[in-house]
Amino acid sequence: MYPNYKEGAMVSRRELLHKVGTIGLASGISSVAIPAMIAGGAAGRTSAETASDEVYWREIQQAFTLDRTFINLNNGFASPSPRVVHEALKRYLDLSNEAPYTYMAQMLEPGIESVRRGIAAEADCDAEEIAITRNSSEALQIAQLGIDLKPGDEVIITNQDYGRMITTWEQRVRRDGIKLTKISFPVPVPGGHAELAARIEAAITPRTRVIHFCHITNLTGQIFPVQRIARMARARGIKTIVDGAHAFAHFPYSLRELECDYYGVSLHKWLLAPIGNGFLYVRRENIRSTWSLQPALPALDDNIRKFEEIGTHPAANHNAVAEALKFHQAIGCERRAARMRYLRARWQDRLEKLPTVKILTSRDPAQSCGLAMFTVAGIPAEKISRQLWDKHRIVAISIVHPEFEGIRVTPNIYTTLDEIDTFAEAVERIVRAESRDPA
Ligand SMILES: Cc1ncc(COP(=O)(O)O)c(C=O)c1O
């Protein structure tokens with residue numbers, strides 16, 4: 001929100017619309033053509049039926065401009081956007097650069113309200129509970145640093161939370177004297193959701209004020225029972241902050257049903273939005289008591305927009321989210337999740353036949369989706385990752401955690417079966433070669 005964007009000479013709405021219309025046509029791409037084609041291809045079929053329909057997914061693979069000389073299995077970092085989304089971003093950037101105040105602040109910036117509504121509809125919550133942010137780090141830090149805590153107050157996290165989020169709590173330990181309790185859990189966790197909830201519950205004390213955990217971890221892709229933990233916390237007056245960086249648009253859920261207090265997301269991961277997009281959900285009753293990272297006027301105390309007072313910023317980024325939502329909805333989140341599970345089963349079925357390979361992600365669909373990790377006994381993960389790139393031009397990162405290590409595999413809906421098979425074969429070769437020559 002620009003505090004004074006209503007001041008000064010306004011360009012007429014008709015002039016502005018004319019300007020955008022011209023730019024849209026000049027790009028030569030209709031923003032609805034590709035999503036409409038994709039939606040048409042799946043008409044009347046279940047997500048299980050389309051998961052293995054290569055003709056259907058071919059259409060989606062073609063919607064991206066990629067370098068296919070290498071295989072990108074690190075979409076967990078950030079995903080390429082489909083062309084139609086990237087075109088929207090470029091169009092809005094070009095327009096902004098012509099007249100930043102008039103075209104960007106006056107005309108494009110109000111588009112954030114459509115994005116807010118679109119996100120809220122997709123996530124199933126009230127639009128007045130959604131703040132548009134630049135990533136999950138910012139979203140989660142607003143919650144982590146915005147909740148009043150006194151010295152001695154306790155926060156429970158897991159030791160598999162995202163590094164920056166742990167660092168943020170650790171700063172509050174140094175600055176505010178709070179106490180941080182980190183729980184641990186095995187991967188995969190033998191007792192599933194019940195064990196995860198029980199481990200958190202066992203760490204609660206009368207001083208616990210906040211529980212922070214991932215909806216799905218970025219390490220092994222373990223999905224947490226958010227509603228169960230949120231209910232347990234609420235019954236004790238404890239706030240829940242859920243890191244949904246990898247959850248939104250990866251698999252379906254309803255924010256309303258999760259019942260947590262705060263939920264942070266990166267939209268440049270699974271929604272395929274341009275890099276530099278995220279959102280924060282704040283349950284309505286918490287808006288007033290949560291301080292914004294960058295101060296806002298008291299008039300905004302109860303307004304979710306107080307978390308968007310970030311100064312001059314590109315409107316192009318957040319407005320292109322509207323296009324990413326259309327692309328996502330043309331496929332449908334159920335269909336996307338089913339495909340992600342199908343791709344993951346394709347490599348997992350093969351690799352788990354190797355005696356030294358262990359999959360660190362549960363097969364249970366309630367506990368995982370398309371992000372998974374494997375480890376190979378006797379071969380450092382870093383060595384496998386390096387060989388995948390050096391010898392096979394495959395990107396799959398190694399992750400070393402104090403309690404386990406492995407290769408994280410994150411394909412995306414543009415990934416072809418052939419790419420998955422090439423990856424599985426490359427791992428088989430590395431494992432065989434290294435087992436013969438472990439030096
Ligand atoms: C679980 C988790 N939380 C938070 C983040 C931070 O996301 P961003 O870098 O988009 O702010 C990430 C990034 O990968 C993540 O995996």
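Here is a quick tour of the helices, sheets, ligand shell and unusual backbone spots in this structure. Keep in mind that the model is predicted. Two sheets give us good landmarks: one has seven strands, and another has four. We'll also look at helix α13, which packs against both α5 and α7.

**The seven-stranded sheet**

- Reading across this open sheet, the strands come in the order β2-β8-β7-β6-β5-β3-β4, and their pairing is mixed.
- At the edges sit β2 (130-133) and β4 (179-183), each with a partner on one side only.
- From one strand to the next, the twist averages 15 degrees.
- For a look at one pair, take β3 (residues 154-158) and β5 (residues 208-214): they run parallel and are joined by three bridges.
- Within that pair, V155 is found opposite V210 in β5.
- Lying across β5 and β6 (239-243) you'll find helix α11 (residues 226-235), which runs at about 160 degrees to β6.

**The four-stranded sheet**

- This open sheet goes β9-β10-β13-β12, with antiparallel pairing.
- Its edge strands are β9 (357-359) and β12 (398-401), and each of them pairs on one side only.
- Neighbouring strands here are turned against each other by 35 degrees on average, if you ignore direction.
- Three bridges link β9 to β10 (residues 372-376) in the antiparallel sense, and I359 stands opposite F374 in β10.
- Helix α15 (residues 381-392) packs on this sheet and touches β10, β12 and β13 (404-409). The direction of α15 makes about 170 degrees with that of β12.

**Helix α13 and its partners**

- To describe two packed helices, people give the angle between their axes and the distance between the axes.
- Start with α5 (residues 83-98): α5 and α13 pack at about 155 degrees, and their axes are 8 Å apart.
- An angle over 145 degrees counts as roughly antiparallel, so that is the label for α5 and α13.
- The crossing of α5 and α13 is right-handed.
- Residues of α5 in this contact include V84, L89 and Y92, while those of α13 include A316, A320 and F327.
- By class, the α5 and α13 contact has 11 nonpolar residues, three polar and one charged.
- Now for α7 (residues 112-123): its axis and that of α13 (residues 315-331) come within 8 Å and cross at roughly 40 degrees.
- That makes α7 and α13 oblique to each other, and their crossing is left-handed.
- On the α7 side the contact is made by I112, S114, V115, G118 and E122, which meet H318, N319, V321, A322 and L325 in α13.
- These residues split into five nonpolar, four polar and one charged.

**Around the ligand**

- Which residues surround the ligand? They are N135, S136, S137, Y162, M165, C214, N218, D243, A245, H246 and S266.
- Sorted by class, this shell has four nonpolar residues, six polar and one charged.

**Two backbone spots to look up**

- Most residues other than glycine have a negative phi, and most peptide bonds are trans.
- Against that background, look at the peptide bond joining V187 and P188: this one is cis, with omega about -15 degrees.
- You'll find P188 in the loop between β4 and α10 (192-202).
- The other spot is D124, a residue other than glycine with a positive phi near 65 degrees.
- D124 belongs to the loop between α7 and β2.

Note on methods:
Residues numbered from 1 in each chain as written. Predicted model: local features only at pLDDT ≥ 70, side-chain atom pairs only at ≥ 80, totals over all residues. Axes fitted to C-alpha atoms, helices over the stretch in contact; angles between N-to-C directions. Parallel < 35°, antiparallel > 145°, perpendicular 65-115°, else oblique. Left-handed = near helix turned anticlockwise from the far one by under 90°. Contact = placed C-beta atoms within 7 Å. Nonpolar A, V, L, I, M, F, W, Y, C, P; charged D, E, K, R; others polar. Near = placed C-beta within 6 Å. Pairing = 2+ DSSP bridges.
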